[in-house]
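User: I would like to learn how the terms used to describe a protein model are justified. May I put some questions to you about the one shown here?

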Amino acid sequence: MTAARRPAPWRPFTSTRYQLAEGARWTADGRLLFVDLLRGDLYRCRAPSTGVQRLLSLGVPLGAAAPAADAGTGWIAAAGDGIALCTTAGRVHWLARPAAGRGRAMRMNDGVCDPAGRFWAGSMEAGAADGAGSLFRTDPDGSVQQVLDGLTVPNGPAFTADGRRLYLADSARGTITRHTVDPATGALAGSEPFVRLAPHEGRPDGMTVDDDANLWVALWGSGQVRCYAPDGRVLRIVAVPTAHPSSVAFGGGLMFVTTARHRLRRPGPWAGAVLARTSTVTAPPACAYTADGL
């Protein structure tokens, strides 16, 4: 009988432990992007890790960032109460502040670009008030549209490679929904429940879709990442050595998971680490924001 192969061990990919590492994205140039959300910092590092470069320090919570197709622009970010273009020189141009002026303490949360180059990001109330959050779409002309409301903690927008399916988690409600998208316009044409998690299973956080169209979900509070088939079946459960995994990405022959010290009374040695281990799973690199003459 052949012995079962042991899973590859997790190793810290960076030496620093972050308060709330989030938004892991593998980019086409072979680098890992991630944020320290509460500090408002954006980081980049290569695989194998040769040190971490801090790219931005915005001074407001930074939910997520995506590369921009225009290298001089740098990144598009869901930060504070709005959406901003951030240059490599550190200049910040706010496109809109859709979470401002609502009579609540609102902030942006997770976000990602779709294959057509649009940036999608959620907003939430600072105390996670039920139904106060929304999902916004930033089009190539820089306009920002609200496409969903009544959300609580929208997280992990993730697209299939053809841009026709959007997965969206609501962490507070323990749900993941799947939406049909018109890839030409970005309009949502329908939605359906995909997964509902019991409280003991953790809360769905950052997500990504692999090259086999399977959805990988970091489960906050459970120390797990789960892989779901397109029909909703659980294909794999990957244990993570700390309670709060927050996002997942694949690239360079590695699986990456960001984690958090946030809301842990006794954070262990792995809490807040960016973790990596070898993996045969592959996924498309992060899509870039394509600005139209901005």
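User: How do you know that β11 and β12 pair, and in which sense do they run?

Analyst: Two strands count as paired if DSSP finds at least two bridges between them. Strand β11 (residues 119–125) and strand β12 (residues 133–138) share 5 bridges in the antiparallel sense, so the definition is met. One of the bridge partnerships joins F119 to T138 of β12. The strands themselves are DSSP runs of E with at least two residues, numbered from the N terminus; helices are runs of H or I with at least four residues.

User: On what kind of model does this rest, and how are residues numbered?

Analyst: The model is predicted: local features need pLDDT of at least 70, side-chain atom pairs count only at pLDDT 80 or more, and totals for chains, interfaces and linings use all residues. Residues are numbered from 1 along each chain as its sequence is written, and side-chain values use heavy atoms, with hydrogens and water left out.

User: Which sheet has the order that includes β11 and β12, and what makes a strand an edge strand there?

Analyst: The sheet is open, with 4 strands in the order β10-β11-β12-β13 and antiparallel pairing. Strands β10 (106–113) and β13 (144–151) are the edge strands, since each pairs on one side only. From one strand to the next the twist averages 20°, where axes are lines fitted to C-alpha atoms (for helices over the stretch in contact) and angles run from 0 to 180 degrees between N-to-C directions.

User: What is notable about the phi of A128, and why is A128 called partly exposed?

Analyst: A128 lies in the loop between β11 and β12. Its phi is near 60°, a positive value in a residue other than glycine. Buried means under 20% relative accessible area, exposed over 50%, and partly exposed in between (1.4 Å probe, protein chains only). The relative accessible area of A128 is 32%, so A128 is partly exposed.

User: Is R263 buried or exposed?

Analyst: R263 has a relative accessibility of 67% and therefore counts as exposed. R263 is in the loop between β23 and β24, and its phi, near 65°, is also positive in a residue other than glycine.

User: Why is P267 classed as it is?

Analyst: P267 belongs to the loop between β23 (254–259) and β24 (274–278). Because its relative accessible area is 30%, P267 is partly exposed.

User: What makes β23 an enclosed strand?

Analyst: Of the 6 residues of β23, 6 are buried, so this strand is largely enclosed by the rest of the structure. L254, F256 and T258 are buried on one side, and M255, V257 and T259 on the other. In a regular strand the side chains alternate between the two faces of the sheet.

User: How do you know that β23 pairs with β22 and with β24?

Analyst: Strand β22 (residues 245–251) is joined to β23 over 6 bridges in the antiparallel sense, one of them between A249 and F256. Strands β23 and β24 also run antiparallel, joined by 5 bridges, and V257 has L275 of β24 as a bridge partner. With 2 residues between them, β22 and β23 form a hairpin, and G252 in the turn has a positive phi of about 60°.

User: Why is T175 called buried?

Analyst: T175 has a relative accessible area of 13%, so it is buried. T175 is found in strand β16 (residues 175–181). Contact means heavy atoms within 4.5 Å. Not counting residues up to four places away in sequence, T175 touches L168, A169, D170, V195, R196 and P204.

User: Why is the protein described as compact?

Analyst: The radius of gyration is taken over C-alpha atoms, and the globule rule is 2.2 Å times the number of residues to the power 0.38. The protein has a radius of gyration of 18 Å, close to the 19 Å that the rule gives for 294 residues, so it is as compact as a globular protein of that length. The protein has 0 helices and 24 strands, and buried residues make up 53% of its 294 residues.
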